[in-house]
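Here are my notes on the model you sent. Please read them with the structure open beside you.

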Amino acid sequence: MPPTSPETGSSGQSSGTARRVLAPLALAQFICSYAGSNMNVMINDISKDLDTTVQGVQTVITVFLLTMAALMIPGGKLTDRYGRKRCFLAGLTVYGVGAVLSALAPGLWVLALGYSILQGVGTALLIPPVYILTTLLFTDVTSRARAFGTVMALGGIGAAAGPLIGGLITSAIGWRAAFVFQAAVVALIIMLSRHVRDPLPPEPDRRFDTGGAVLSAVGLVLVVMGILAADNNPWVMAGLLVLGALVLVWLFQWVRARERSGREPLFSTSLFHDRTSNLGLITQHAQWLMLMGVSFVVAAYLQVVRGYDAIRTGVIFTAATLGLLTASLAAARLVKRWPQRTLIIVGFGVTICGICLLIALASGSQTAWASTPGLLLIGLGLGVMLTPSVNVVQSSFGEERQGEISGLSRSVSNLGSSLGTAIAGTILVADPAAGPYAVALAVLAFVGLGGLAAAALLPRHQPGL
């Protein structure tokens with residue numbers, strides 16, 4: 001392999017070629033993150049237009065995030081068999097069809113099919129190739145940090161600016177136009193993808209562990225359903241959580257049995273033998289749980305309590321978007337000056353401070369603009385640590401393991417996203433005496449402390465950290 005430089009990628013590609021390759025990958029991460037957050041400001045419009053309940057639309061959002069999390073590991077594994085670019089394009093196609101169907105939905109069930117199922121499945125197919133190709137095409141720490149910084153910046157913008165973009169489109173045209181926008185972006189990504197070349201050949205004879213994929217999906221679905229059931233029946237919640245845990249234990253036994261028999265499993269248990277990767281996965285999970293949880297809580301607070309429309313809600317979220325964009329785009333410069341472990345620790349600290357500031361200022365002020373300083377800090381903190389967390393995990397394994405670790409990494413992150421929405425929604429519905437919004441944010445801050453503890457345990461002297 002030829003040496004790389006700031007002007008070349010892993011295969012000696014020019015900086016212009018690298019940018020053309022990175023553009024569709026980053027845009028793909030943007031549109032998938034956008035899809036997970038823009039619905040928060042369209043809940044009221046959709047529920048009125050489709051003659052359904054707010055809770056029904058919230059369930060559709062959660063199922064979308066859950067579908068991504070449940071299928072991300074199988075999606076990553078399929079890239080080895082069919083190729084990274086082929087899975088990327090297939091995922092974009094399914095996603096685009098789902099967006100069009102959602103735009104035309106006459107009722108909640110069709111919206112669920114288009115958004116929750118088809119867009120969720122499409123995301124699970126197209127996101128693992130984004131991270132695999134980025135890892136394979138940019139090999140040194142600095143160029144990979146720059147590439148992941150771009151991908152995570154677009155992903156962060158999609159998640160944080162989703163409420164603003166969705167609010168503007170919904171207020172100016174209607175909520176259906178927001179799905180047309182997604183379909184148009186997908187079409188653009190497919191056009192730009194002609195520059196993408198798969199650096200590794202597909203392995204069509206490679207076996208796929210269907211049983212493991214089913215157990216993985218069922219286990220994750222049961223766990224999140226258990227969280228969602230907390231506001232209805234604690235016994236149902238406990239039953240679903242226990243059942244989900246048992247299915248996941250069964251999954252690991254299934255995987256170990258296939259490994260012992262020489263058959264290829266859904267994922268290798270050796271992925272969990274790397275301490276650095278395990279800690280990195282915990283930080284990723286906590287980051288996305290906080291990001292989507294805060295987005296859900298603040299959007300609900302501004303619309304339900306303050307009575308803000310979609311545009312005003314989205315404008316306030318601009319503070320978090322600016323923070324994420326600024327910090328993510330500085331990823332390459334930051335990784336040159338400080339170890340990635342330090343950046344992750346600082347990121348969690350700043351994010352937790354932002355949540356605390358959000359609680360303090362919002363509860364003591366009559367204007368919703370008091371939320372902006374806290375949201376800005378949250379955006380800066382998340383932007384500082386999203387890229388190094390991904391880099392730590394992806395860099396822990398070689399080329400031959402990228403399909404597995406990318407699927408696992410994205411599954412853990414998207415499970416965090418779905419749990420963030422589920423936990424926040426459960427607390428808001430429960431309406432605790434201390435104030436549901438403050439309690440929900442306090443729980444998210446506590447999750448941040450867990451992520452901070454995991455970051456502090458990352459090894460100090462391992463290369464790249």
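1. Is arginine 84 buried or exposed? Arginine 84 is buried, because its relative accessible area is 3%, and buried means under 20%. Keep in mind throughout that this is a predicted model.

2. Arginine 84 has a charged partner. Aspartate 198 forms a salt bridge with arginine 84, and the closest N and O atoms are 3.1 Å apart. The two residues sit 114 residues apart, with aspartate 198 in the loop between H7 and helix H8 (210–228) and arginine 84 in helix H4. Aspartate 198 counts as partly exposed, at 25% relative accessibility. A network of salt bridges links Asp80, Arg84 and Asp198.

3. The general idea is simple: side chains of opposite charge can pair when their charged atoms come close. In the whole structure, the search finds five salt bridges.

4. One of them joins glutamate 264 to lysine 77, with 2.8 Å between the closest N and O atoms. This pair links distant parts of the chain, 187 residues apart: lysine 77 belongs to helix H3 (residues 54–82), and glutamate 264 to the loop between helix H9 (234–260) and helix H10 (275–305). Lysine 77 is buried at 5% relative accessibility, whereas glutamate 264 is partly exposed at 22%.

5. Another salt bridge is formed by aspartate 49 and arginine 176, whose closest N and O atoms are 3.3 Å apart. Here helix H2 (residues 43–49) holds aspartate 49 and helix H7 (residues 175–192) holds arginine 176, 127 residues apart. Both are partly exposed: aspartate 49 has a relative accessible area of 44%, and arginine 176 has 27%.

6. Arginine 176 also appears among the contacts of serine 102, along with Leu111, Trp175 and Phe179. Serine 102 lies in helix H4 (residues 84–103) and is buried, with a relative accessible area of 0%. The serine 102 side chain comes to 2.8 Å from the backbone oxygen of glycine 98.

7. What do the cysteines show? Cysteine 32 is buried at 4% relative accessibility, and cysteine 87 is buried at 5%. A search of the whole structure gives zero disulfides.

8. On the surface, Val63, Leu113 and Ile117 make a nonpolar patch of about 210 Å². Isoleucine 117 is in helix H5 (residues 108–137) and is partly exposed, at 36% relative accessible area.

9. For the chain overall, there are 16 helices and zero strands. Of its 465 residues, 58% count as buried. Carbon and sulfur atoms supply 67% of the roughly exposed area, which is about 17,700 Å².

Note on methods:
Residues are numbered from 1 along each chain as its sequence is written. This is a predicted model: local features need pLDDT of at least 70, side-chain atom pairs count only at pLDDT 80 or more; totals for chains, interfaces and linings use all residues. Side-chain values use heavy atoms; hydrogens and water are left out. A disulfide is a pair of cysteine sulfur atoms within 2.5 Å. Buried means under 20% relative accessible area, exposed over 50%, partly exposed in between (1.4 Å probe, protein chains only). Helices (H or I, at least four residues) and strands (E, at least two) are DSSP runs, numbered from the N terminus. A polar contact is a pair of N or O atoms within 3.5 Å; within protein, one must be able to donate a hydrogen and the other to accept it, and residues adjacent in sequence count only if both atoms are side-chain atoms. Contact means heavy atoms within 4.5 Å. Accessible areas come from the Shrake-Rupley method with a 1.4 Å probe; for residues, only the protein chains shown count as cover. Patches are made of residues with over 30% relative accessible area and no salt bridge: like charges are joined within 9 Å, nonpolar side chains (Val, Leu, Ile, Met, Phe, Trp, Tyr) within 5 Å. A salt bridge is a side-chain nitrogen of Lys or Arg within 4 Å of a carboxyl oxygen of Asp or Glu. Lists of a residue's contacts leave out its neighbours within four places in sequence.
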